[in-house]
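Colleague: I'm new to reading protein models. Could you take me through this one?

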Amino acid sequence: MEFNYKRILIIGCGGAGKSTLARQLGKKLNLPVVHLDKIWWLPNWQNRTKEEFDILLKEELTKPCWIIDGNYQRTFEQRLSFADFCIFLDYSTSLCIKSVHDRVKQFSGKSRPDMTEGCLEMVDSEFEEWIYNFQSDVKPKMMSVLQNSEVPFIVFNDRESTESWLNSFNNN
């Protein structure tokens, strides 16, 4: 499949698999991957200031190629203005909740690869509530911004279609 995009955003609910897809697509397309969680979080779940985050994000956005995964709705329009393609993982809330809990079991007592070292994997009630409210509170705003942009995008509603699309690329 011909796919000439070099600045790709991957968005979707927590637990949808944005970081996993970013790593897989990065390997297939030989593009560097940037995880917004690694930029935002400092060890022990301390966050950077918005100003620090914005500076680091701008450094990444101005690079010639990347895959950036994460929502961070505050900076979505800015990221989209640099992107030439966007992937929206629009999976069911129940799948995302299950995936987050599976991830906690998988990385128990450790930091996952797409997270800052020292942020031990966990799920708290605030994050669960964000996932439960994603379809009503976050998705409509992000879809509106995406649909009103000039950036081509694709929406996947299940993991099977995402995997099928990913497998349509030849391995580099």
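**A first look at the fold**

Modeller: Sure, and keep in mind that this is a predicted model. The chain has seven helices and seven strands.

Colleague: In what order do the elements of the chain run from the N terminus on?

Modeller: Just read along from the N terminus, with β for a strand and α for a helix. The order is β-α-β-α-β-β-α-β-α-β-α-α-β-α.

Colleague: How compact is the chain for its length?

Modeller: The globule rule gives 16 Å for 172 residues, and the radius of gyration here is close to that, at 15 Å. So the chain is as compact as a globular protein of that length.

Colleague: What share of the residues is buried?

Modeller: Buried means under 20% relative accessible area. Of the 172 residues in the chain, the share that is buried is 42%.

Colleague: Which helix gives the most to the largest nonpolar core?

Modeller: That core has 48 residues, and Ile-8, Leu-25 and Ile-87 have the most contacts inside it. The helix that gives the most to this core spans residues 125–147 and puts in six residues. That's helix 6.

Colleague: Leaving aside neighbours within four places in sequence, which aromatic-looking names turn up in contact with Ile-87?

Modeller: Contact means heavy atoms within 4.5 Å. The partners of Ile-87 include Ile-8, Leu-9, Ile-10, Ile-11, Leu-21, Leu-25 and Ile-154. Also among them are the two you're after, Phe-156 and Trp-165.

Colleague: How far apart are the centres of the positive and negative side chains?

Modeller: There are 21 positive and 24 negative side chains in the chain. The centres of the two sets lie apart by 4 Å.

Definitions and conventions. Residues numbered from 1 in each chain as written. Predicted model: local features only at pLDDT ≥ 70, side-chain atom pairs only at ≥ 80, totals over all residues. Heavy atoms only, no water. Helix = DSSP H or I, 4+ residues; strand = E, 2+ residues; numbered from the N terminus. Rg over C-alpha atoms; globule rule 2.2 N^0.38 Å. Buried < 20%, exposed > 50% of the residue type's maximum accessible area, 1.4 Å probe, protein only. Lys, Arg positive; Asp, Glu negative; His and termini not counted. Charge placed at Lys NZ, Arg CZ, Asp CG, Glu CD. Core = buried A, V, L, I, M, F, W, Y, C linked by side-chain atoms within 4.5 Å.
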